[in-house]
Every structure is written in structure tokens, then in C-alpha cells.
Amino acid sequence: MNEQSIGSMLAEARREKGLTVGQLSASTRIREAVLYAIERDDFSLCGGDFYARGHVKGIAKALGLDPAAMAQLYEDQHGGVPVPVRAAEVFRADRKVRLRERRGPNWTMALGVALAIVLVFGVVRVMGGSGEVPTAEIQPAASVPSITAGAGRSPAPEPPRRTQAQSVGQASMVVVRAKARRSAYVTVRDARGRKLFAGTMPAGRTTTWKAPSEVKLLIGDAGAVSLQVNGKNLGTLGARGETVRRSFGPSVPRPR
């Protein structure tokens, strides 16, 4: 599922509450122009990321959403944007590059190396006599015994059996199935914190997430979402309008 933008989520929550932009402005003390811009995912009128996060938290609290979860969603979608750098600053050279002058070959050094090679070769010939390099005897390799025609054939290999490690690997998966009775904000992450889903589940939608080791859930309206974890029905995790955080691990395999 595609991730819903924070502006559209706030606008949808406002309409579900039956509030106009003017009423929301009166309760949050945020100008209507800023509210309209935020619902279009335009945070330029907020005056910076610090004030934008504060506006998002205030609007979420007024609409019955989790302020911390909405602030984290704003950070994921709009936080950490790199500051543009001018091309002139990137390609500006701090130091002047000096090119070395091309020099001719050093004949003196080459002549010295050649004389040294000749001297070493002469010493080796004097001390070693004929100068022939002794070679080691090469023993012939033992012949490989041939297979007689009357030898029996080896039995066909058995098909590979399912190992215990494969069974444990499948047992370590966590499967979470969620069904929304009414629209509710849901965030799903795996054991490493990677986001599997973040957005509003509409009423009647059923979604399944799978992850190894652990699945972490944040539900803005716990009474609106019923869960089934690893094939076991858990029902709802809280009351209507209650924000709930839960983590689920793999089911424990039964002893044989």
C-alpha cells in the first residue's frame, strides 16, 4: 500500500470529525491560511521545521490523533531535507594545482642497475661452477584404478529432507492480519525499525504484514482495528479512540 501524505491524513481526519477549517483554526489558534497549506503538504508558511512540527502536533491532538506518531510521520516525509548547495561553491578550487615538469630518463641510474645485474650474475657463475640450476626429480603419478564393468551401481540418492533449520526459519516469521472496522491511523515496523506501512486504513480494509523476528504496531484508534497474529485471533487491543503500541514475535513451535 502506498503511504498517505500527512496533509491528506489531517484533512481526512478533520472531515471525519465534521470540523471546518475555521473551527479547527479557532481550537488550535493556527491561521486558516496555514491550515489550508498544511493540508496541501505545503509547510512553507510555518516558518521552519520546528514550528511545522508544533503545528502538526497541535492539529493531531485537536483531531484525536497521536501527536507523537504524526510528528514522526512528518519527520519521515519532510525531515532531513539537505540544504541546496550552489554549484560555484562545489567546483571552487581552494589551492592552485602545479604540474610537474616532464623530465628525461635518468641514464645514470639505469647504467648502475645494469652493472649491478652483471656483477651478481658473474658471482653466481663463479661460486656455482657450471651455473646450471639443479632440477628435482618428478615422480610419475600413481595410476587411478579403473572401474570394472561388473561393479555394482550405487543406489540413487534420496530426495533432500526438510531440515530443522528450515523449519525454525519459517517459524521465526511473524504474520499479522488487521481488519479496520472504521478508518484508523496505523504504523507498522519490523524488528530493525524499517517501516512496512504508515497511514490511515479505511473502514472495511483487511491487510496482512509479514516480517522476521518481530512486528511493531502503533494504532491510533485501538477499538477500530481487530488483529490476527500467527493465525490466532486477538480481537481489538483497546477501547475506542485509545492509542496502543504492541510488539509481536513468532509463535513458539509445539514439542514433538
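## Helices α1 and α5

The axes of α1 and helix α5 cross at roughly 150° and come within 10 Å. Helix α5 covers residues 67-78. All of this is read from a predicted model.

Which residues of α1 meet α5? Ile6, Met9 and Leu10 do. On the α5 side, their partners are Met70, Leu73, Tyr74, Gln77 and His78. By class, this contact has six nonpolar and two polar residues. Charged residues are absent from the contact of α1 with α5.

## Helices α2 and α3

Helix α2 spans residues 21-28, and helix α3 spans residues 32-39. Their axes come within 9 Å. They cross at roughly 115°. That angle makes α2 roughly perpendicular to α3. The crossing of α2 past α3 is right-handed.

Four residues of α2 are named in this contact: Val21, Gly22, Leu24 and Ser25. They meet Glu32, Leu35 and Tyr36 in α3. The contact of α2 with α3 has four nonpolar residues, two polar residues and one charged residue.

## Helices α2 and α4

Helix α2 also pairs with helix α4, residues 49-62. Here the axes come within 10 Å and cross at roughly 110°. Again, α2 is roughly perpendicular to its partner, α4.

Leu24, Ser27 and Thr28 are the α2 residues in this contact. In α4, they meet Gly58, Ile59 and Ala62. The contact of α2 with α4 divides into three nonpolar and three polar residues, with no charged residues. Leu24 thus appears on both sides of the story: it is listed in the contact with α3 and in the contact with α4.

## The largest pocket

How much space lies in the largest pocket? The figure is about 380 Å³. The lining is made up of 17 residues. Nearest the centre of the pocket lie Glu16, Leu63, Leu65, Ser183 and Asp221.

Which element gives the most to this lining? Helix α1 does, with five residues. Two elements, α1 (6-17) and β2 (184-190), each supply at least two residues of the lining. By class, the lining of the largest pocket has six nonpolar, five polar and six charged residues. Helix α1 therefore has two roles to note, since Ile6, Met9 and Leu10 meet α5, while α1 also helps line the pocket.

Conventions: Residues are numbered from 1 along each chain as its sequence is written. This is a predicted model: local features need pLDDT of at least 70, side-chain atom pairs count only at pLDDT 80 or more; totals for chains, interfaces and linings use all residues. Side-chain values use heavy atoms; hydrogens and water are left out. Axes are lines fitted to C-alpha atoms, for helices over the stretch in contact, and angles run from 0 to 180 degrees between N-to-C directions. Angles under 35 degrees count as roughly parallel, over 145 as roughly antiparallel, 65 to 115 as roughly perpendicular and the rest as oblique. A crossing is left-handed if the near helix is turned anticlockwise from the far one by less than a right angle, and right-handed if clockwise. Contact means heavy atoms within 4.5 Å. Ala, Val, Leu, Ile, Met, Phe, Trp, Tyr, Cys and Pro count as nonpolar, Asp, Glu, Lys and Arg as charged, and the others, Gly among them, as polar. On a 1 Å grid over the protein atoms alone, a cavity is a set of points where a 1.4 Å probe fits but cannot get out, and a pocket is an open set with protein on both sides within 12 Å along at least five of seven lines; lining residues have an atom within 4 Å of a point. Grid points are joined across faces, edges and corners, and a volume is the space filled by probe spheres set on the points.
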